[in-house]
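Please look through the sequence and the model below, and keep both in view while reading the explanation that follows.

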Amino acid sequence: MKTIAIVNQKGGVGKTTTTVNLGAALVKRGYKVLLVDFDPQANATTHLGYAELSCKKEDVDNDYIYYEDHLSINGVLDDLLKHRDYVETLHKSVLHHEEGIDLIPCNIELAALEYPIQSSVASERKLEKLLNEFENDYDYCLIDCQPSLNVLPLNAMTAANLLLIPVATQGLAVKGLTDLLITATGVKAELNSELEVLGILFTFAEAHTNQTKDAIAGVSAAYKNDLPIFNSVIPKAVIGGETAMTGHSLFYKHGSCPLAQRYMELADEVIDSTKGDK
Ligand SMILES: Nc1ncnc2c1ncn2[C@@H]1O[C@H](COP(=O)(O)OP(=O)(O)OP(=O)(O)O)[C@@H](O)[C@H]1O
Ligand SMILES: [Mg+2]
């Protein structure tokens, strides 16, 4: 299994949209894919149509449905932290979406686990421990990270073989990348010596605008000798935002739109770069 963390501490750069649509594209290409929602915002969970699972228990009184038997990555992490048996719960937590993608959902209560994780022994290795259980079950595992560089993304980077870094082609695109890459270098040195950057993915591109051209030129000038940059550039497109509310990826009903096509090209690049790997 190749585990790819979709990371950038900058918010709203297309991490979740990329996780869901890259995952769906890899399924279309015949691969077995597990998505892990590792952001307390639970946007990937919502995107794939499980909005009710992202609600807190208290929301029952406000007319949300709450599933008593609902399992989540945070529930399993809680078991792990409390030294309870977590393996069966972990496997039961996997949702099987009708598009063929599997998902371990999460909810806002993941945020409450940040401190307990941080204070635990081997704090950065909790997610790695859970995902090891799926090593022989999937070809790809994609982890949707929260926009920060705290203990949760650190866990994702420690569990991952590869980092996919979406960069919005808007002002100051280069700036946050430096901090992210310093953190990734630290993770590689201290925790995960095999960690590599799979690629930088330009998102929210608007053809012919100076903002997009400048951002791509700036990032390319700074990093193209050191880091792979995907040829596929993700355009800004209304359908991208609209699909997030439908419970499906772009490929469910809009597989031929340009945005879906760019995600399919991205999937082909990912497959190509990871060829021969387990
Ligand atoms: N290519 C696109 N064109 C237009 N809108 C998009 C595109 N990709 C994503 N969006 C929308 O932009 C917003 C931010 O995207 P997304 O949630 O994927 O970013 P994110 O990096 O996961 O954000 P966060 O850091 O908050 O987790 C969402 O409302 C999403 O639906
Ligand atoms: Mg997100």
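In this predicted model, a good place to begin is an open sheet of seven strands, whose order is 3-4-2-5-1-6-7 and whose pairing is mixed. At its edges lie strand 3 (95–96) and strand 7 (196–203), each of which pairs on one side only. Strands of a sheet pair through backbone hydrogen bonds, and they may do so in parallel or antiparallel fashion. Strand 1 (residues 2–6) and strand 5 (residues 140–145) are an example of the parallel kind, joined by five bridges, and within this pair Ile 6 stands opposite Asp 144 of strand 5. Helix 1 (residues 15–28) packs on the sheet, where it touches strand 1, strand 2 (33–38), strand 5, strand 6 (162–168) and strand 7, and its direction makes about 165° with that of strand 5.

Further along the chain, helix 8 (residues 173–190) and helix 9 (residues 210–223) have axes that come within 9 Å and cross at roughly 35°, and this crossing of helix 8 and helix 9 is right-handed. Among the residues that meet there are Leu 177 and Leu 181 in helix 8, and Val 219 and Tyr 223 in helix 9. By class, this contact of helix 8 with helix 9 has eight nonpolar, two polar and no charged residues.

Helix 8 also takes part in another feature, for the structure holds one cavity of 30 Å³ or more, with a volume of about 60 Å³. Helix 8 gives the most to the lining of this largest cavity, with three residues, while strand 6 and helix 8 each supply at least two. The lining, which includes Asn 8, Lys 10 and Val 167, has six nonpolar, four polar and one charged residues.

Terms used. Residues are numbered from 1 along each chain as its sequence is written. Chains are lettered from A and ligands numbered from 1 in the order in which they are written. This is a predicted model: local features need pLDDT of at least 70, side-chain atom pairs count only at pLDDT 80 or more; totals for chains, interfaces and linings use all residues. Side-chain values use heavy atoms; hydrogens and water are left out. Axes are lines fitted to C-alpha atoms, for helices over the stretch in contact, and angles run from 0 to 180 degrees between N-to-C directions. Helices (H or I, at least four residues) and strands (E, at least two) are DSSP runs, numbered from the N terminus. A crossing is left-handed if the near helix is turned anticlockwise from the far one by less than a right angle, and right-handed if clockwise. Contact means heavy atoms within 4.5 Å. Ala, Val, Leu, Ile, Met, Phe, Trp, Tyr, Cys and Pro count as nonpolar, Asp, Glu, Lys and Arg as charged, and the others, Gly among them, as polar. Two strands pair if DSSP finds at least two bridges between them. On a 1 Å grid over the protein atoms alone, a cavity is a set of points where a 1.4 Å probe fits but cannot get out, and a pocket is an open set with protein on both sides within 12 Å along at least five of seven lines; lining residues have an atom within 4 Å of a point. Grid points are joined across faces, edges and corners, and a volume is the space filled by probe spheres set on the points.
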